[in-house]
Amino acid sequence: MTPPSFTSDGARALPGPAWLAERRADAAERFATQPVPTPKDEVWRYSRIDQLDLEAFAPDVGAVSVDPVLVASAVRLADRFGPRAALVVTVDGAVVSDLPAPAGGLAVSRPAGGHGAAPDALGSVATEPSDFALLNDAFAPDPVVVDVAAGSEVGDPVVVVHVVGAGGTGSACFPRTVVRAGEGSRSSVVAVTVGAGALAGRTGPGPSHLVVPVVELAVADGARLAYVGVDQPDGAAWYIASQVGRVGAQGLLRSFVAALGGSYARQRTDTSLAGDGARSELRAAYLGRDDQMLDFRTLQDHVAPRTASDLLFTGAVREHAHSVYSGMIRIRRGAVKADAAQTNHNLVLDDGAHADSVPNLDIEENDVRCSHGSTVGPVDEEQRYYLETRGVPTDEAERLIVRGFFADIAGQVPVPGAAGVVRDLLAERLAAAPGGTDA
């Protein structure tokens with residue numbers, strides 16, 4: 001499966017301590033032994049994965065050249081989210097900003113730089129990586145680890161800005177973010193993955209490149225973590241992301257992802273409710289344009305008793321875009337009194353657009369409560385007619401209806417400073433003309 005540019009020797013050549021070099025090489029070797037994913041595999045069903053030519057991409061194993069203008073733009077983007085506890089900027093997966101000094105129970109570290117984090121930080125949640133998550137294990141140049149000490153309360157969010165695609169055509173980059181919320185802590189993290197072209201204000205799809213981010217979210221017993229991911233890769237990017245969460249007893253993970261860019265953009269979200277009384281609230285908003293494909297796969301894995309998960313993914317597709325949602329609620333034996341809900345709503349705005357929605361249940365216990373549902377349909381004609389009869393032009397009427405469709409989900413962003421940014425980005429993308437800016 002491994003093209004010449006994704007070898008264990010190349011992984012081992014990346015900078016970092018010996019333990020990290022060995023970990024990378026092992027992941028590259030495991031990736032090489034796995035079969036090539038195809039749409040015939042259930043987890044890749046409906047996808048475009050058969051169109052991905054890995055041989056067209058190569059990771060950068062040399063030093064990253066830092067463009068100060070690009071970094072300054074990343075900082076300005078972070079400023080949109082308001083007050084913050086810390087800021088980290090990476091370019092194509094490599095940290096290019098100074099790390100904040102530990103303070104108030106918060107520490108940010110770089111294992112690849114020999115700065116702080118212990119070897120067990122990586123893979124502590126994503127314990128069984130497969131497919132492209134293994135490539136991230138092998139070629140993530142500079143993972144960012146956010147640690148919140150037990151009992152600490154960090155009022156403002158940690159903001160991480162991953163600038164991707166700076167390497168141009170044929171580049172491959174692997175951002176990695178690990179968040180470990182200690183027992184009884186309270187914290188929030190905003191992670192923005194933004195294309196270098198979008199950040200620079202360039203229009204059009206930009207160069208073709210591969211982006212494979214991995215996010216690990218570890219929520220200890222009694223901890224509360226709010227996480228917001230804003231995904232804005234450039235329009236020609238292959239974007240294959242994985243978010244893996246684990247929640248301990250009486251812990252709460254609130255997660256929100258806004259998916260707004262890429263040619264093929266996949267977000268896999270696996271959340272394990274591992275402790276008695278663990279809870280998760282999973283939200284996503286997405287808006288596909290042009291011939292973009294947005295692909296979401298979720299797993300709500302109830303392992304312990306009295307756990308609860310609530311998932312709502314809301315999106316729209318226009319022109320020739322295609323969205324896929326495939327979700328699984330799994331209730332394991334022994335997870336008595338588990339309560340799980342899974343909902344996916346889709347608007348199809350043009351005849352050439354398409355949305356698939358496939359919710360699933362896998363229940364091994366009796367004393368549980370589960371619900372799932374999905375909707376796929378066009379704009380409500382009665383709503384459109386109501387606005388048109390009051391003098392609103394047809395295009396503007398549709399835009400207002402779609403904004404209303406997203407209003408509820410945009411109001412559920414769990415980090416206050418990020419809510420307005422998400423609303424603005426959705427409005428900007430909705431207003432952009434077909435074939436225009438992918439932002």
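Author: Ala, Val, Leu, Ile, Met, Phe, Trp, Tyr, Cys and Pro count as nonpolar, Asp, Glu, Lys and Arg as charged, and the others, Gly among them, as polar. The model discussed here is a predicted one.

Reader: How do you know that the lining of the second largest cavity divides into seven nonpolar, two polar and two charged residues?

Author: The lining consists of Asp231, Pro233, Tyr239, Ala259, Leu260, Gly261, Ala265, Arg266, Gln267, Leu294 and Phe296. Asp and Arg count as charged, whereas Gly and residues outside the named classes count as polar, and therefore Asp231 and Arg266 are the two charged residues, while Gly261 and Gln267 are the two polar ones. The remaining names in the lining make up the seven nonpolar residues.

Reader: What makes S15 stand out in this lining?

Author: Strand S15 (264–273) and strand S17 (293–302) are the elements that give two or more residues to the lining of the second largest cavity, and the largest share, three residues, comes from S15.

Reader: Why is this space called a cavity, and what is its volume?

Author: A cavity is a set of points where a 1.4 Å probe fits but cannot get out, so the name says that the space is closed to that probe. The volume of the second largest cavity is about 40 Å³, and the structure holds four cavities of 30 Å³ or more.

Reader: What is known of the largest cavity?

Author: About 140 Å³ of space lies in the largest cavity, which is lined by 19 residues, with Thr193, Val215, Tyr227, Asp231 and Tyr239 nearest its centre. By class, its lining has 10 nonpolar, seven polar and two charged residues.

Notes. Residues are numbered from 1 along each chain as its sequence is written. This is a predicted model: local features need pLDDT of at least 70, side-chain atom pairs count only at pLDDT 80 or more; totals for chains, interfaces and linings use all residues. Side-chain values use heavy atoms; hydrogens and water are left out. On a 1 Å grid over the protein atoms alone, a cavity is a set of points where a 1.4 Å probe fits but cannot get out, and a pocket is an open set with protein on both sides within 12 Å along at least five of seven lines; lining residues have an atom within 4 Å of a point. Grid points are joined across faces, edges and corners, and a volume is the space filled by probe spheres set on the points. Helices (H or I, at least four residues) and strands (E, at least two) are DSSP runs, numbered from the N terminus.
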